[in-house]
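Open the model in your viewer and keep the selection box at hand. The stops below run from the ligand outward.

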Amino acid sequence: MLTLYHHPRTRSSRFIFLLEELGAPYEIHRIANLRHADGSGGVDPENPHPHGKSPALKDGDALVWESSAIALYLTDKFTQNGIGPLVGDAKRGAYVSWLAYYAGVMEPAWMSAYMKWEIPRGTAGWVKTSEVMEFVNATLEKGPYILGEKFSAADILIATTFKMFMGSPLLEKTALLEGYVNRVTARPAYARAQAKENG
Ligand SMILES: N[C@@H](CCC(=O)N[C@@H](CS)C(=O)NCC(=O)O)C(=O)O
């Protein structure tokens, strides 16, 4: 039995979606407290995440944290429906690259834009959101998913993030993006996850 440490409407929500996709046995441990930007909240001592963040996953004695690592861990462990290409699959390289790109380039790009940070040219390790979106759009034009024909856990991370920000000053709503987000969130596992969102 896996335990997902989850707080409603945070980055952990997408792991309910993924666990539902995978048909994995899991329980939700609701994180009682999180730190908020306005200075309120705090760290829940029962949350095993090293910084008291959401999400974290426990599998017996193994603790997994960081969204991309959790996605990879779960799809490597529950392989039956093939939503995480395994070692030996021609899509494995693209899969692990998109997971790392999500954490190491996409999230910092949007955080920089939100904070209005100027990204130092050539040294930051990530790029501007406009550059990310050129690449994402070119990928989705071939689509229909990030890895091409087949839906993967990378789509869960990316499409649910786009769903949250699309139409805001941080992310323009386009027919391409909207079609992608709708395709991913129309999956029955998404609806099941929504029903469990509040723990
Ligand atoms: N890089 C982490 C980010 C996790 C994260 O920052 N989660 C937010 C909620 S969406 C959180 O727990 N914030 C409370 C805090 O930073 O203490 C991941 O992708 O798993």
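How do the residues of the shell around the ligand divide into nonpolar, polar and charged? The count is 2 nonpolar, 4 polar and 4 charged. Bear in mind throughout that this is a predicted model.

**Stop 1: the ligand shell**

Select the ligand and show what surrounds it. The shell holds Thr10, Arg11, Leu34, Arg35, Gly52, Lys53, Ser54, Pro55, Glu66 and Ser67.

Stay on Ser54 and Pro55, both of which belong to that shell. The peptide bond that joins them is cis, with omega near 15°. Pro55 sits in the loop between strand E2 (26-30) and strand E3 (56-59).

Next, pick Glu66, another residue around the ligand. Glu66 lies in the loop that runs between strand E4 (62-65) and H2. Its phi is positive, near 80°, and it is not a glycine. Is Glu66 buried, partly exposed or exposed? Glu66 is partly exposed, because 18 other C-beta atoms lie within 10 Å.

**Stop 2: two backbone oddities away from the shell list**

Most residues other than glycine have a negative phi, and most peptide bonds are trans. Two more places depart from that pattern.

Select Arg9, in the loop between strand E1 (2-6) and H1. Phi of Arg9 is positive, about 55°, although Arg9 is not a glycine. Arg9 counts as exposed because it has 10 other C-beta atoms within 10 Å.

Now go to Gly143 and Pro144. A cis peptide bond links them, with omega about 5°. Pro144 is in the loop between helix H4 (129-142) and H5.

Lys150 is in the loop between H4 and H5 too. Lys150 counts as partly exposed, because 15 C-beta neighbours fall inside 10 Å. Draw a distance from Lys150 to Ala62: their C-alpha atoms are 29 Å apart, and 88 residues separate them along the chain.

**Stop 3: helix H5**

Select residues 153-165. This is helix H5, with 13 residues. From first C-alpha to last, H5 reaches 19 Å, close to the 18 Å expected at 1.5 Å a residue.

Which residues of H5 are buried? They are Ala153, Ala154, Asp155, Ile156, Leu157, Ile158, Ala159 and Phe162. Show what covers them: the cover includes H1, H2, helix H3 (92-115) and helix H6 (175-185). Then step past the end of H5 to Gly167, which follows the helix and has a positive phi, near 95°.

**Stop 4: the two domains**

Colour the protein chain by domain. Domain 1 takes 2-83 + 189-196, and domain 2 takes 92-187. Their centres, taken over C-alpha atoms, are 20 Å apart.

The contact draws 12 residues from domain 1 and 13 residues from domain 2. On the domain 1 side, the elements that give two or more residues are helix H1 (13-22), helix H2 (67-77) and helix H7 (188-196). Which of them gives the most? H2 does, with 5 residues. By class, this side of domain 1 has 7 nonpolar, 3 polar and 2 charged residues.

**Stop 5: a long reach**

Select Glu118, in the loop between H3 and H4. Glu118 counts as exposed because it has 8 C-beta neighbours inside 10 Å. Now add Gly88. The C-alpha atoms of Glu118 and Gly88 are 40 Å apart, with the two positions 30 residues apart along the chain.

**Stop 6: the whole chain**

Zoom out and switch to a cartoon. The protein chain has 7 helices and 4 strands. Read along the sequence, the pattern is β-α-β-β-β-α-α-α-α-α-α.

Show the bounding box along the principal axes: the C-alpha atoms fill roughly 45 × 40 × 30 Å. The radius of gyration is 17 Å, which agrees with the value near 16 Å for a compact globule of 199 residues. Of those 199 residues, 31% are buried.

Finish with the contacts. Among those between residues at least 6 apart in sequence, 55% join residues at least 24 apart.

Technical notes: Residues are numbered from 1 along each chain as its sequence is written. This is a predicted model: local features need pLDDT of at least 70, side-chain atom pairs count only at pLDDT 80 or more; totals for chains, interfaces and linings use all residues. Domain bounds come from an automatic or database domain assignment. Two residues are in contact if their C-beta atoms, placed from the backbone, lie within 7 Å. Ala, Val, Leu, Ile, Met, Phe, Trp, Tyr, Cys and Pro count as nonpolar, Asp, Glu, Lys and Arg as charged, and the others, Gly among them, as polar. The expected span of a helix is 1.5 Å times one less than its number of residues. A residue is buried if 20 or more other C-beta atoms lie within 10 Å of its own, exposed if 12 or fewer, and partly exposed in between; C-beta atoms are placed from the backbone. A residue is near a molecule or strand if its C-beta atom, placed from the backbone, lies within 6 Å of it. The radius of gyration is taken over C-alpha atoms; the globule rule is 2.2 Å times the number of residues to the power 0.38.
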